[in-house]
Amino acid sequence: MIKTVNRVLLGLLGLGLFVLGGAVLLGGLDLQRRWGFDVPGWWPFRGPADVVLGDEGRLRWRAEGWWWPTVIAVLAVLLVLLLWWLWVLLRKDRLRQVLVDSQDGTAARLNGRALEGVIEGDAQDLHGVTRAQVRLGGRRTAPVVRMRLWLEPHAEPERILDRLGRDAVAHARDSAGLDRLPSEVSLRGVRHRAHRVD
């Protein structure tokens with residue numbers, strides 16, 4: 001959801017800047033003198049000597065009592081929205097706890113970092129894996145594992161994914177008492193310096 005909102009907002013902002021830039025560019029090209037074509041009468045910018053915000057536009061509402069409170073309120077709302085947007089983008093989407101059904105009508109809480117550590121350890125023990133990084137996302141009742149593995153050059157990705165599903169993820173799913181534990185795995189190769197063979 002956050003990614004969709006982020007893309008829509010960035011798209012609308014980019015479109016608005018593109019339209020504003022195009023209007024200024026067309027107004028500043030002096031089309032009448034160069035090609036005999038003039039922009040319509042309602043066009044906001046009408047020549048190279050025109051400014052984006054003239055004296056009339058800047059001074060029109062200054063004498064009104066409602067002008068400055070309105071400007072300050074709009075800017076304050078924009079600042080709050082931008083800070084919220086920045087906070088949403090920068091916060092870590094990490095699940096802190098997983099609810100475990102203890103079979104007696106109550107739910108126990110499992111530390112998310114502990115579960116991440118167990119999966120990381122099992123993944124790093126696999127042959128051909130040099131490093132593993134695990135993050136838990138989703139909801140407390142339906143966690144999702146996001147895993148990044150760094151593989152050695154001789155590693156077999158298909159075999160590693162099979163062992164990962166049968167061992168590391170299955171072990172974490174069973175120990176947490178979950179019906180299912182969806183996983184997203186990203187594989188990367190470890191870069192090595194070239195070896196010279198004589």
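Which residues form one aromatic cluster? In this predicted model, the members are W66, W67 and W68. The structure holds 2 aromatic pairs. In one of them, the ring centres of W66 and W67 lie 6.0 Å apart and the planes meet at 80°, so this pair is edge-to-face; an angle over 60 degrees is what the label requires. As a reminder, a pair of aromatic rings is described by the distance of the centres and the angle of the planes. Both of these tryptophans are partly exposed: W66 has a relative accessibility of 42%, and W67 has a relative accessible area of 23%. For W67, the boundary to keep in mind is 20%, since buried means under that value. Another aromatic residue, W150, has a charged partner: R131 lies over the face of its ring, at 4.2 Å from the ring centre.

Turning to the overall layout, the protein contains 6 helices and 5 strands. Read from the N terminus, the order of elements is α-α-α-α-β-β-α-β-β-α-β. Of the 198 residues, 21% are buried. Among contacts between residues at least 6 apart in sequence, 45% join residues at least 24 apart. As for confidence, the mean pLDDT is 79, and 77% of the residues reach 70 or more. Among the elements, the lowest mean pLDDT, 63, belongs to helix α2 (residues 31–35), while strand β4 (residues 143–151) has the highest, 88.

Strand β4 also takes part in the sheet. Here 3 strands form an open sheet in the order β3-β4-β5, with mixed pairing. The edges are taken by β3 (129–138) and β5 (183–189); each has a single partner strand, so one side of each is left without a neighbour in the sheet. From one strand to the next, the twist averages 15°. Strands β4 and β5 run parallel and are joined by 7 bridges, and R148 stands opposite S186 in β5. Helix α5 (residues 112–124) packs on this sheet, where it touches β3 and β4, and its direction makes about 150° with that of β3. Helix α6 (residues 157–176), in turn, lies across β3, β4 and β5 and runs at about 140° to β4.

A closer look at helix α6 leads to I160, which has its place there. Is I160 buried or exposed? With a relative accessibility of 4%, I160 counts as buried, because the limit for that class is 20%. Leaving aside neighbours within four places in sequence, the contacts of I160 are L126, H127, G128, V129, L149, L151 and A155. Two of these names, L149 and L151, can be read alongside the range 143–151 given for strand β4. I160 and L187 are 27 residues apart in sequence, and their C-alpha atoms are 10.0 Å apart in space.

A second residue worth following is L110, found in strand β2 (residues 107–111). L110 has a relative accessibility of 26% and therefore counts as partly exposed. Not counting residues up to four places away in sequence, L110 touches R96, Q97, V98, V100, L115 and A176. Between L110 and R140, the separation is 30 residues in sequence and 9.4 Å in space, taken from C-alpha to C-alpha.

Note on methods: Residues are numbered from 1 along each chain as its sequence is written. This is a predicted model: local features need pLDDT of at least 70, side-chain atom pairs count only at pLDDT 80 or more; totals for chains, interfaces and linings use all residues. Side-chain values use heavy atoms; hydrogens and water are left out. Rings of Phe, Tyr and Trp (its six-membered ring) pair if their centres lie within 6.5 Å; planes under 30 degrees apart count as stacked, over 60 as edge-to-face and the rest as tilted. Buried means under 20% relative accessible area, exposed over 50%, partly exposed in between (1.4 Å probe, protein chains only). A charge sits over a ring if NZ of Lys or CZ of Arg is within 6 Å of the ring centre and within 35 degrees of the ring normal. pLDDT is the predictor's confidence in each residue, from 0 to 100. Helices (H or I, at least four residues) and strands (E, at least two) are DSSP runs, numbered from the N terminus. Contact means heavy atoms within 4.5 Å. Two strands pair if DSSP finds at least two bridges between them. Axes are lines fitted to C-alpha atoms, for helices over the stretch in contact, and angles run from 0 to 180 degrees between N-to-C directions.
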